[in-house]
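Work through the exercises below with the sequence and the 3D view at hand. Try each task before reading its solution.

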Amino acid sequence: MNPKVTIVIPFYNDPYAYQAISSALAQTYPNVEIIVVDDGSNRYGEIGKIVPLMNRVLYMRKPNGGTASALNYGIRRASGDYIAWLSSDDLFYPHKLAVQIPFMLERQAEISFCSFDLMDENGLVTQTDVTPRFADEAALCSAMLTLNPINGCTVVMSARLLEEIGLFNEALPYTHDYDLWFRIMLAGYRFAFVDEPLIGYRWHPQMGTVRHWPSIQLEVEQTRGRYRSSMTDYIHKLGGQV
């Protein structure tokens, strides 16, 4: 059984988008739908780079609204049983879904994440297997009160989970993923962890995390503050400590 997986790739004026889409097309998993959401790009030379790939993906263009809006746009049009998000400057390794989907099916997991490697702007790996490990779910939830330990592009989640929990909060330009993880955890779902790096996460000077760091930090504190009390109670119910 190979349930369909939809990979949603949002992009906006990103010179790395061609590489990201190519990595999605290179998946060894046999049942993949790829939705590329152009979030109002205005650098048409970069769009031109992906034109040769458009007959192999579902390409959609919308007015610029931010990453959360682009992700939701793609998810609403997805036909997959599972949803994976690939940022346009990152890479899926060819075996990512071939490893992660059977892992989830064996455990009947609705959501999972994995470790990742760090890459530089040239795609060279600078650090391998960087995700912290947690002893149990309570420890993972406790970590959420000090950092976001889950890289969004490592996550695969079921479409039915999103139908229940809801999509990304489009009012949050930077912490839409962090916010969603809180909501999923507080609904009682556990994040299964694949203990190996299955993506390359590109760290480069033009990435939003670098350019918008002060604004991101402010939004992180606000998002964390909204869930702190509920998450603290939930951690205690799991038998953990804050």
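**Exercise 1. Strand 2 and its partners**

Task: Determine how many of the seven residues of strand 2 are buried, and which strands pair with strand 2.

Solution:
- Step 1. The model is a predicted one. Strand 2 covers residues 32-38, and six of its seven residues are buried, so that the strand is mostly covered.
- Step 2. Strand 1, residues 5-11, pairs with strand 2 in the parallel sense, over seven bridges. Within this pairing, F11 has D38 of strand 2 as its bridge partner.
- Step 3. Between these two strands the chain passes through helix 1, residues 17-25, and the resulting β-α-β crossover is right-handed.
- Step 4. Strand 3, residues 58-61, also pairs with strand 2 in the parallel sense, here over four bridges. D38 stands opposite R61 of strand 3.

**Exercise 2. The nonpolar core and helix 7**

Task: Find which residues touch the most other members of the largest nonpolar core, and state why helix 7 is described as largely enclosed.

Solution:
- Step 1. The largest nonpolar core has 71 residues. I7, W181, F191 and M231 touch the most other members.
- Step 2. Take W181 from that group. Leaving out residues up to four places away in sequence, W181 touches I111, M144, N148, I150, G152, V155 and F191.
- Step 3. W181 is also one of the buried residues of helix 7, along with H176, D177, Y178, D179, L180, F182, R183, I184 and M185.
- Step 4. Helix 7 spans residues 176-186, and because ten of its eleven residues are buried, the helix is largely enclosed by the rest of the structure.
- Step 5. Just after helix 7 comes G188, with a positive phi of about 95 degrees.

**Exercise 3. A buried charge**

Task: Decide where D120 is found, and which side chain of opposite charge is nearest to D120.

Solution:
- Step 1. D120 is in the loop that lies between strand 6 (111-119) and strand 7 (125-127).
- Step 2. Side chains of opposite charge can pair when their charged atoms come close.
- Step 3. For D120, the nearest side chain of opposite charge is R202, 5.8 Å away. The cut-off for a salt bridge is 4 Å between nitrogen and carboxyl oxygen. D120 is buried yet has no salt bridge.
- Step 4. Not counting residues up to four places away in sequence, D120 touches T126, R202 and W203.

**Exercise 4. Is S115 buried or exposed?**

Task: Classify S115 by its relative accessible area and name residues in contact with S115.

Solution:
- Step 1. S115 has its place in strand 6.
- Step 2. Its relative accessible area is 0%. The cut-off for buried is under 20%, so S115 is buried.
- Step 3. Neighbours within four places in sequence aside, the contacts of S115 include D129, R133, T154, F193 and E196.

**Exercise 5. Salt bridges**

Task: For three of the ten salt bridges in the structure, give the N to O distance and the exposure of both partners.

Solution:
- Step 1. E106 and R107 form a salt bridge whose closest N and O atoms are 3.3 Å apart. E106 counts as exposed at 63% relative accessibility, while R107 is partly exposed at 46%.
- Step 2. R133 and D195 meet in a salt bridge at 2.4 Å, N to O. This pair links distant parts of the chain, 62 residues apart: R133 is in the loop between strand 7 and helix 5 (137-143), and D195 is in strand 9 (residues 192-202). R133 is partly exposed, with 37% relative accessible area, and D195 is exposed, with 53%.
- Step 3. R224 and E221 form a salt bridge, with 2.9 Å between the closest N and O atoms. Both lie in helix 9 (residues 213-237), three residues apart, or about one turn of the helix. R224 is buried at 7% relative accessibility, whereas E221 is partly exposed at 44%.
- Step 4. Salt bridges that share partners also join D129, R133 and D195 into one network.

**Exercise 6. Positive phi outside glycine**

Task: Compare the places of N13 and D129, and classify each by exposure.

Solution:
- Step 1. N13 is not a glycine, yet has a positive phi of about 50 degrees. N13 lies in the loop between strand 1 and helix 1 and is buried, with a relative accessible area of 9%.
- Step 2. D129 is not a glycine either and has a positive phi of about 50 degrees. D129 lies in the loop between strand 7 and helix 5 and is partly exposed, with a relative accessible area of 33%.

Note on methods: Residues are numbered from 1 along each chain as its sequence is written. This is a predicted model: local features need pLDDT of at least 70, side-chain atom pairs count only at pLDDT 80 or more; totals for chains, interfaces and linings use all residues. Side-chain values use heavy atoms; hydrogens and water are left out. Buried means under 20% relative accessible area, exposed over 50%, partly exposed in between (1.4 Å probe, protein chains only). Two strands pair if DSSP finds at least two bridges between them. A crossover is right-handed if, with the strands pointing away from the viewer, the path from the first strand over the helix to the second runs clockwise. A nonpolar core is a set of buried Ala, Val, Leu, Ile, Met, Phe, Trp, Tyr and Cys residues joined through side-chain atoms within 4.5 Å. Contact means heavy atoms within 4.5 Å. Lys and Arg count as positive and Asp and Glu as negative; His and the chain ends are not counted.
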